[in-house]
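This briefing summarises the fold, interior and surface of the protein chain displayed below. It is intended to be read alongside the sequence and the three-dimensional view.

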Amino acid sequence: MRDTLQLLSRSSMARWRNAAAIWSSYQYSRITGVPRIAGMPISISIEPTTSCNLRCPECPSGLRSFTRPTGMMDAALLDNVLEQLGSTLFWLTFYFQGEPYLHRDFLTMVRKATSAGVYTSTSTNGHYLDDETARATVESGLNRLIISIDGTTQEAYSSYRRGGILARVLDGTRNVVRWKKHYASATPHIIFQFLVVRQNEHQIPQLRRLAADLGVDEVKLKTAQIYDYVHGSPLIPDNDKYSRYAKNSDGTWRIKNEMSNHCWKMWHSCVITWDGRVVPCCFDKDAQHELGNVRHESFAAIWNGERYNAFRASLLKSRREIDICTNCTEGTKVWA
């Protein structure tokens, strides 16, 4: 409830008018099959960096498999985005690929967005939350801190978070909780995000106890994305409840999503990479569907432009034919 109130506290007449315009244009597009956009995005994701300290097996950052360059976002680019979108934007997530805390000016960027009245969140592997950084995180005004913790023992944790040290993540969590108490601060709302795979699914009860003992505000269980899922994977949980995939009678696997020809994300949100590329959503991890670049043109020109509307039109016509949609959970229950 406190987290919801933090989001609602970002309300303004301009933001609600914009949200209503976006929602109505999305509904019009669904009904008619003709893309129409009215308003600006309600939420965006900004990528501070593509660099990461871990080597997780189903992550392009971890696999070092990007074809796009690795780098750090220039703070001036964020200033540019906030100047254009700050008055209508509700939510800004400082995360796409990579580890945000590797960017030396990350928390300065958070403070700028907070000053613009935008709800801010990030997702981290939790390895850089030393005492000083934890204090600065609380002071930055960050609203939501998602900490990836995919196991309650080092063995289970490192089966996915390769190169990670669970004890360091837990110490970092304690640091943030302690500084929240020191400042009597409601933020950041701390979430333990647990990517459920076969190696850790039995630890969910221990995870909940651990989160309660540490003072974590919320636990979320996330289904794992598998890139090559057709012939199965040792990461797919035994409990079907925690899997995005279902097994066919011939032994192959399919995604549970029915893949309807619409997607709310294409109307209310987008992703901006560290070097300014605007891509349609978080499933386009390698920025293959670049729709423009805010370093060279205005966001409004991109958002309302021919390339973006052509992408929306192709989605309304046949979403199954778009490569980044084939592993998407939009329309299914992502959080177990």
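**Structural briefing**

The chain contains twelve helices and eleven strands. The model is a predicted one. The points below cover its dimensions, its interior and its surface.

**Overall dimensions**

- The radius of gyration of the chain is 20 Å, which agrees with the value near 20 Å that a compact globule of 336 residues would have.
- Taken along the principal axes, the box filled by the C-alpha atoms is roughly 55 × 50 × 40 Å.
- Of the contacts between residues at least 6 apart in sequence, 68% link residues that are at least 24 apart.

**Interior**

- Buried residues account for 56% of the 336 residues in the chain.
- The largest nonpolar core comprises 90 residues.
- The residues with the most contacts inside this core are Ile44, Leu92, Phe94, Phe192, Ile272 and Phe299.
- Helix α8, spanning residues 166-183, supplies the largest share of this core, with six residues.

**Surroundings of Phe94**

- Phe94 is among the core residues with the most contacts inside the core.
- When neighbours within four places in sequence are set aside, the contacts of Phe94 include Ile46, Pro48, Leu78, Pro100, Phe106, Met109, Val110 and Ala113.
- Phe94 is also in contact with Thr120, Ser121, Thr122 and Ser123.

**Surface and charge**

- The accessible surface of the chain is about 14800 Å², and carbon and sulfur atoms contribute 51% of that area.
- The chain carries 41 positive and 33 negative charges, and the mean positions of these two sets lie 4 Å apart.

Definitions and conventions. Residues numbered from 1 in each chain as written. Predicted model: local features only at pLDDT ≥ 70, side-chain atom pairs only at ≥ 80, totals over all residues. Heavy atoms only, no water. Core = buried A, V, L, I, M, F, W, Y, C linked by side-chain atoms within 4.5 Å. Buried < 20%, exposed > 50% of the residue type's maximum accessible area, 1.4 Å probe, protein only. Helix = DSSP H or I, 4+ residues; strand = E, 2+ residues; numbered from the N terminus. Contact = heavy atoms within 4.5 Å. Rg over C-alpha atoms; globule rule 2.2 N^0.38 Å. Areas by Shrake-Rupley, 256 points an atom, 1.4 Å probe, with all protein chains shown as cover. Lys, Arg positive; Asp, Glu negative; His and termini not counted. Charge placed at Lys NZ, Arg CZ, Asp CG, Glu CD.
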